[in-house]
Amino acid sequence: MTEDVPPPDGPADGPEGPDGPDTPEGPARPEDEPPRRGGPPGRDGAAGGDAGESPDPPDWRREFAEEARSERPDLARLCLLIGAVADPTVTRHVLTEAEIELDRLAGLVPYATRIVGDWATALAGLLGGREGFEGVPADYQRLESSLLHEVLRRRRGLPILLSVVWMEVARRAGAPVYGLGLPGHFVVGFGDPADLNLADPFAGGRAMTGPDAELLVTSATGEALDRSMLRPAEPGAIVLRVLNNIRAWAAPRPERSDVALWAVELSLLLPSHPARLRYERAELLVQRGDFLTGAAEMEAYAQVMDAVDPESATTVRRRAQAARARLN
């Protein structure tokens, strides 16, 4: 499932909008971007270089795979590693500064919140108000809106990444927080999921009621809210949804097939992922001119499909044959 359908007045042709990408090396900050407020220095900040780092470049994909398959995957670290794969200028120092920023924000949550338990109000006041975390329609057009280190820097992002910020800050502060992946929009909840004590980080932390959630689902899908949609999302499912968004952003931009490829490859490193991603990777390899590898992966996927859908397997083999023919 791709996440984060644009608001009604936002772009209408995809999860991230119609225009070209603002990649990490892209154009200067647009007029609608807020001034930076106490965020981490980032790659161009005053904190300086990366003293003590190994001269060998980090293997971010290996670290992502190890974290994803650990006993208790760290959501923030997984999202930060996605950013490291996406942005070649990211160093370990940048990731450390992002973690420090999450810790700093958690330290600003009033201690009394632990007693009164009104986490949604406290976090809305801190993150949505004082720190300026929110979303606008233009954020759907930016790749950075799916990269946690950039969301912490810009205070802008897609609903799921803003929700990750809320969840990670709340968790560090001791809140009983969870993420809720409603169709088309990701929100956060506090306490017992049955109570539907929800907040929308994209709207600065606006409180959501049960009827609000039902209206959101109906608007996105045309169907009524199913109780199965109210299950708290696990870290792996959240990360896969983030990567789905990145793939959806890259899909209408053939010049950014490199982004689609690494997003698929990271998805394949998750313990649980759709089998069809293997075929999607093969198609991307062919699109990028690696006909032999793409054809071989199509044929391997066809072998898997033989047992469940022989007709589709035959179609995939024909496409593999066509890919090989492009070498002649």
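1. Start with R155, which is buried because its relative accessibility is just 1%, well inside the under-20% cut-off for that label. Keep in mind that this is a predicted model. R155 sits in the loop that links α6 (148-154) to α7 (159-173). Its backbone deserves a look too: phi is near 65°, a positive value in a residue that isn't glycine. For context, most residues other than glycine have a negative phi.

2. L196 makes a good companion to look at next. Here phi is near 50°, again positive in a residue other than glycine. You'll find L196 in the loop between β2 (185-190) and β3 (198-200). With 14% relative accessibility, L196 counts as buried, since the label applies under 20%.

3. On to the strands. β1 (residues 177-182) pairs with β2 in the antiparallel sense, and six bridges connect them. If you want a spot to check the register, go to G179, which stands opposite V188 in β2. The two strands form a hairpin with two residues between them. In that turn, G184 has a positive phi of about 85°.

4. Now for E299, which has its place in helix α12 (residues 291-305). Is E299 buried, exposed or partly exposed? The answer is partly exposed, because its relative accessibility is 30%, and that label covers what falls between under 20% and over 50%.

5. Which residues does E299 touch once its neighbours within four places in sequence are left aside? They are A320 and R324. With R324 there is also a polar contact between the side chains, at 2.9 Å. While you're in that part of the model, R318 is another residue to click on: 19 residues separate it from E299 along the chain, and the C-alpha atoms of the pair are 9.2 Å apart.

6. Last, the surface. Y111, I115 and V116 make a nonpolar patch of about 410 Å². Y111 belongs to the loop between α3 (92-107) and α4 (113-116). Y111 counts as exposed because its relative accessibility is 62%, and the cut-off for exposed is over 50%.

7. If you only have a minute with the viewer, I'd go to these spots: the buried R155, the hairpin of β1 and β2, the side-chain contact of E299 with R324, and the nonpolar patch that includes Y111.

Definitions and conventions
Residues numbered from 1 in each chain as written. Predicted model: local features only at pLDDT ≥ 70, side-chain atom pairs only at ≥ 80, totals over all residues. Heavy atoms only, no water. Patch = residues over 30% accessible without salt bridge, like charges linked within 9 Å, V, L, I, M, F, W, Y side chains within 5 Å. Areas by Shrake-Rupley, 256 points an atom, 1.4 Å probe, with all protein chains shown as cover. Salt bridge = Lys/Arg side-chain N within 4 Å of Asp/Glu carboxyl O. Helix = DSSP H or I, 4+ residues; strand = E, 2+ residues; numbered from the N terminus. Buried < 20%, exposed > 50% of the residue type's maximum accessible area, 1.4 Å probe, protein only. Contact = heavy atoms within 4.5 Å. Polar contact = N/O pair within 3.5 Å; in protein donor to acceptor, adjacent residues only side chain to side chain. Pairing = 2+ DSSP bridges.
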